[in-house]
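This report is meant for someone meeting the structure for the first time. Please keep the sequence and the three-dimensional view at hand while reading.

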Amino acid sequence: MKIHEFQAKQLFQKYGVPIPRGKAAFSVAEAKQIGAELGVFPVVVKAQIHAGGRGKGGGVKLAKNAAEVDQYASSILGMTLVTHQTGPEGKLVKKLLVEEGLPIEKELYLSVLPDRGTAKIVFMASEAGGMDIEKVAAETPEKIVKVFIDPLIGMKGYHANELAFGLNLSGDLAKQFNAMATKLYKLCVDYDCSLVEINPLILTKDGRVIALDGKINFDDNAVGRHKDIQEYRDLDEEDPSEVEASKYELNYIKMPSGNIGSMVNGAGLAMATMDLIKQAGGDPANFLDVGGGASAEQVEAGFKIILADPTVKAVLINIFGGILRCDRLANGVVEAAKKVGIQIPVVIRMEGTNVEEGRRILNESGLNLITAKDVSDAAQKIAAVAKA
Ligand code: ADP
Ligand code: MG
């Protein structure tokens, strides 16, 4: 799960990680109000979307006076912000963060995340922080310092010292940095984060270390045990079909390029099916695992979600009936088909429990379904009809 910068900064504040003074605004009037309350200029007006690169895309502006706060809030709120992380379609800006503009001496990069390869928590830090960190990582990776921490031992002073040294910090700045990094480590572990990133972490002209940006991603499988962050979920930022699927507890992921929808039971079979579609020359439009014990209602919901996707030109249903019986699947498909009306070809491969009954239901439904004898036959047939 992703959250907004202003929400990440609320968590930073809770852990004592220094942030600029500021507040989220949902209208231009609120932005002006917050700007006035800050009582200093410059004030920074920042688009809140679940993507980075906002600065370069025109979503972060420095206002020198109240009139400029008004002007920037009006232009950013409601704009479609395109950044290298949003894709060409961009994202509609519905929220702002209005905060004090700080005098930047230097922009650093700092992140902390679990590293699967070493099964440790890794800090990554760089003196070359700011808006070009991707370029630094690609061209001069030696400018990024990594410190690995065994989670069973936890973060120690020497870990923080190594990072501070790598960032060329000493004296009071190193002291501030060490305290901050230790708190960040705790936040990352406490909340099962898959990423905590500050870019830029700044040194101000008056010698302070402050998180100027904030990005936190949470492990979706752990969100259930953190009630306080569940309210941070912003459905506006998620793919509407994925939101719909999550209501029915379906594992659905929209794929950007393909035109073949698929509905499969079991994540392994769903992935194998996508591979087979590719191998047969097709291109999957989604991943959908209805789960081992799906009900007719879930099957119906899954099928409707696939059919509602305008890029889908053909649908492949590949079910191995175990706990999910084939007759139940067939009923779900027929119900959904009656309700939405299918205009595109549907290929079905179905095997397992009650398969005869399932086939009978499909045959007697009057629907124009193409049946496949096995998985590779299904993949060949779906690729062919999607091309045609
Ligand atoms: P993004 O990473 O999406 O581009 P940032 O929050 O990192 O957004 O902001 C982009 C740049 O804007 C920063 O690198 C920094 O130079 C400047 N900036 C952001 N917030 C402030 C602030 N409160 N005071 C001064 N400059 C800021
Ligand atoms: Mg940033």
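What follows is a walk through a predicted model, taking in its helices, its metal site, its cysteines and some points of the backbone.

## Helix H1 and its surroundings

Helix H1 covers residues 5-15, and because eight of its 11 residues are buried, it is largely enclosed by the rest of the structure. The buried residues of H1 are Glu-5, Phe-6, Gln-7, Ala-8, Lys-9, Leu-11, Phe-12 and Tyr-15. Just after H1 comes Gly-16, whose phi is positive, at about 80 degrees.

Which residues of H1 meet H7? On the H1 side they are Leu-11, Phe-12 and Tyr-15, and they meet Lys-183, Leu-184, Lys-186, Leu-187 and Asp-190 in H7. Leu-11, Phe-12 and Tyr-15 also appear among the buried residues of H1. The two helices pack at an angle of about 115 degrees, their axes being 10 Å apart, and the crossing that H1 makes with H7 is right-handed.

## Helices H6 and H7

Helix H7, which spans residues 171-190, follows helix H6, residues 157-166, with a loop between them that holds Asn-168. The axes of H6 and H7 come within 9 Å of each other and cross at roughly 130 degrees, and the two helices are therefore oblique to each other. Their crossing is right-handed. The residues in contact are Ala-160, Asn-161, Leu-163 and Ala-164 on H6, and Ala-174, Phe-177 and Asn-178 on H7.

Beyond H7, the loop that leads to strand E10 contains Asp-192, a residue that is buried, with a relative accessible area of 18%. When its neighbours within four places in sequence are left aside, Asp-192 is in contact with Phe-218, Asp-219, Ala-222, Arg-225 and His-226. By contrast, 26 Å separate the C-alpha atom of Asp-192 from that of Gly-266, a residue 74 positions away along the chain.

## The magnesium site

Where does the protein supply donors to the magnesium ion (ligand 2)? They come from Asn-199, through its O atom, and from Asp-213, through an OD atom, and they lie 2.1 Å from the ion. These two residues are 14 positions apart and link distant parts of the chain, since Asn-199 belongs to strand E10 (residues 193-204) while Asp-213 sits in the loop between strand E11 (209-211) and strand E12 (215-218). Asn-199 is buried, at 14% relative accessible area, and Asp-213 also counts as buried, at 19% relative accessibility.

Asn-199 takes part in a further feature of the backbone, for the peptide bond joining Asn-199 to Pro-200 is cis, with omega about 10 degrees. Pro-200 likewise has its place in strand E10.

## Other points along the backbone

Most residues other than glycine have a negative phi, and most peptide bonds are trans. Against that background, a few further places deserve a look. The peptide bond from Phe-41 to Pro-42 is cis, with omega near 0 degrees, and Pro-42 is found in the loop between helix H2 (28-38) and strand E2 (43-47).

Two residues that are not glycine have a positive phi, namely Asn-168 and Glu-249. The table sets out their values, together with how far they are open to the surroundings.

| Residue | Phi | Relative accessible area |
|---|---|---|
| Asn-168 | about 65 degrees | 58%, exposed |
| Glu-249 | near 55 degrees | 68%, exposed |

Asn-168 lies in the loop between H6 and H7 described above, whereas Glu-249 is placed in the loop between helix H9 (240-247) and strand E13 (251-254).

## The cysteines

How many disulfides does the structure hold? The number is zero. For Cys-188, the reason is one of distance, because the closest cysteine sulfur, in Cys-193, is 5.0 Å from its own sulfur, which is too far for a bond, given that a disulfide needs two cysteine sulfur atoms within 2.5 Å. Cys-188 counts as buried, at 2% relative accessibility, and Cys-326 is buried too, with a value of 0%.

Technical notes
Residues are numbered from 1 along each chain as its sequence is written. Chains are lettered from A and ligands numbered from 1 in the order in which they are written. This is a predicted model: local features need pLDDT of at least 70, side-chain atom pairs count only at pLDDT 80 or more; totals for chains, interfaces and linings use all residues. Side-chain values use heavy atoms; hydrogens and water are left out. Buried means under 20% relative accessible area, exposed over 50%, partly exposed in between (1.4 Å probe, protein chains only). Donors are N, O and S atoms within 2.8 Å of the metal (3.2 Å for Na, K and Ca); water is not among the atoms, so sites may look incomplete. Helices (H or I, at least four residues) and strands (E, at least two) are DSSP runs, numbered from the N terminus. Axes are lines fitted to C-alpha atoms, for helices over the stretch in contact, and angles run from 0 to 180 degrees between N-to-C directions. Angles under 35 degrees count as roughly parallel, over 145 as roughly antiparallel, 65 to 115 as roughly perpendicular and the rest as oblique. A crossing is left-handed if the near helix is turned anticlockwise from the far one by less than a right angle, and right-handed if clockwise. Contact means heavy atoms within 4.5 Å.
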